[in-house]
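Here is a friendly walk through one protein, taken a strand and a residue at a time. Keep the picture beside you and look up each part as it comes along.

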Amino acid sequence: AAAILDHLDRSVLRAMAFGSNHVIRLACLPTLAERWLVPVLAGFDRIAPQVGFDISSRLDMPDLHRSGVDMVIHHLDQAPAGAEATPLMDEFLVVVARPDLAQQVRAQAGYADAALAGYPLLQQETRPHLWLDWFGVSGIDPVTITRGARFAHFGMVTNAARAGMGIGLVPEILVREEIRQGSLALASDRRMQGSTYALIRQPRLARHQGEEMLRDWLVAQGANAVH
């Protein structure tokens, strides 16, 4: 009974906030939501003002049946069995640091992974394998690679790198603005392909036109983002 009343309460508040607009409940990875999704939705709002949004950030893949969300932007390989998954864009990771630290790394002869491993490597809690993937079969002690301050999501890693706490390995799309402004710099010209971001939703026979418009918009924006 408490769960039903809570659901009704949230439904009433949503109706009051959005009026008669169709509301799309969308969950997204935290930093991707902040750095990419919100600007993209601002553009969509100009062509489809009749569509409202209820946005949440999630590190985990929510249960599509119980969470109440209509769409999720997450890693393609996290899509549950039977879900409809539309790829949006490939993820490419880059090594970034505060400009003075990045310059120091680049100044070392030939830029070797062994030199990079001598600096504090910032870790992302939910993807602890990223630095191991970067160094691959280099023969460097894995303990050295995985030792470093650990953060919950890429936004924290980015802020820590900007503050000079160490070197971050982050999706390029999340740090383009910092690189452009000069608060972060590339410590390597190498890029590593990561996962694929996808729009994930439950399969349905019929959908609201606004949802289909948004899907097409996100696909187009994702294609533009990787160039």
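Let's begin with a single pair of residues: arginine 25 faces aspartate 54, which belongs to strand β2. Please keep in mind that what you are looking at is a predicted model.

**Strand β1 and its partners**

Strand β1 covers residues 22-28. Its link to β2, residues 51-57, is made by 7 bridges, and the two strands run parallel. How do β1 and β2 connect through a helix? Helix α2, residues 30-47, completes the set, and β1, α2 and β2 make a right-handed β-α-β unit.

β1 also pairs with strand β3, residues 71-75. Here there are 3 bridges, and again the strands run parallel. One residue to find is leucine 26, whose bridge partner in β3 is methionine 71.

Is β1 open to the outside or enclosed? Of its 7 residues, 5 are buried, so the strand is largely enclosed by the rest of the structure.

**Strand β9 and its partners**

Now move along the chain to β9, which spans residues 192-201. This strand is mostly covered, with 8 of its 10 residues buried. β3 is joined to β9 by 4 bridges, and these two run antiparallel. Within that pairing, histidine 75 stands opposite tyrosine 197 of β9.

β9 has another antiparallel partner in strand β4, residues 84-97, and 8 bridges join them. Look for glutamate 84, which has arginine 201 in β9 as its bridge partner. So far, then, β3 has appeared in a parallel pairing with β1 and in an antiparallel pairing with β9.

**Four residues to compare**

The table lists four residues with their relative accessible areas.

| Residue | Relative accessible area | Class |
|---|---|---|
| Glutamine 123 | 1% | buried |
| Glutamate 211 | 3% | buried |
| Serine 188 | 5% | buried |
| Serine 57 | 46% | partly exposed |

Why does glutamine 123 count as buried? Its relative accessible area is 1%, and buried means under 20%, so glutamine 123 belongs in that class. You can find glutamine 123 in strand β5, residues 123-124. Its side chain reaches two backbone oxygens: that of leucine 121 at 3.0 Å and that of isoleucine 145 at 2.9 Å. Leaving aside neighbours within four places in sequence, glutamine 123 has contacts that include Pro128, Trp131, Ile145, Phe151 and Val157.

Glutamate 211 sits in helix α9, residues 209-225. With neighbours within four places set aside, glutamate 211 is in contact with His22, Ile24, Asp70, Met71, Arg201 and Arg204. The chain also brings distant positions together here: glutamate 211 and valine 51 are 160 residues apart along the chain, while their C-alpha atoms are separated by 8.7 Å.

Serine 188 is found in the loop between β8 (185-186) and β9. Its side chain reaches the backbone nitrogen of arginine 190 at 3.1 Å.

Serine 57 lies in strand β2. Is serine 57 buried, partly exposed or exposed? Its relative accessible area is 46%; the partly exposed class lies between 20% and 50%, so that is where serine 57 falls. Beyond its neighbours within four places in sequence, serine 57 is in contact with Cys28 and Pro30. Its C-alpha atom is separated by 9.0 Å from that of leucine 32, a residue 25 positions away along the chain.

**Rings and charges**

The structure holds 3 aromatic pairs. Which residues form an aromatic cluster? Phe44, Phe53 and Trp217 make up one such cluster.

Two arginines also sit over rings. Arginine 190, the partner of serine 188 mentioned above, lies over the face of tryptophan 134, at 3.9 Å from the ring centre. The charged end of arginine 191 is placed over the ring of phenylalanine 92, 4.4 Å from its centre.

**Stepping back**

How many helices and strands does the protein have? There are 9 helices and 9 strands. The protein has 227 residues, and buried residues make up 41% of them. Finally, among contacts with a separation of 6 or more, 78% are between residues 24 or more positions apart.

Terms used:
Residues numbered from 1 in each chain as written. Predicted model: local features only at pLDDT ≥ 70, side-chain atom pairs only at ≥ 80, totals over all residues. Heavy atoms only, no water. Phe/Tyr/Trp six-rings, centres within 6.5 Å; stacked < 30°, edge-to-face > 60°. Lys NZ or Arg CZ within 6 Å of the ring centre and 35° of its normal. Buried < 20%, exposed > 50% of the residue type's maximum accessible area, 1.4 Å probe, protein only. Pairing = 2+ DSSP bridges. Right-handed = clockwise from strand over helix to strand, strands pointing away. Polar contact = N/O pair within 3.5 Å; in protein donor to acceptor, adjacent residues only side chain to side chain. Contact = heavy atoms within 4.5 Å.
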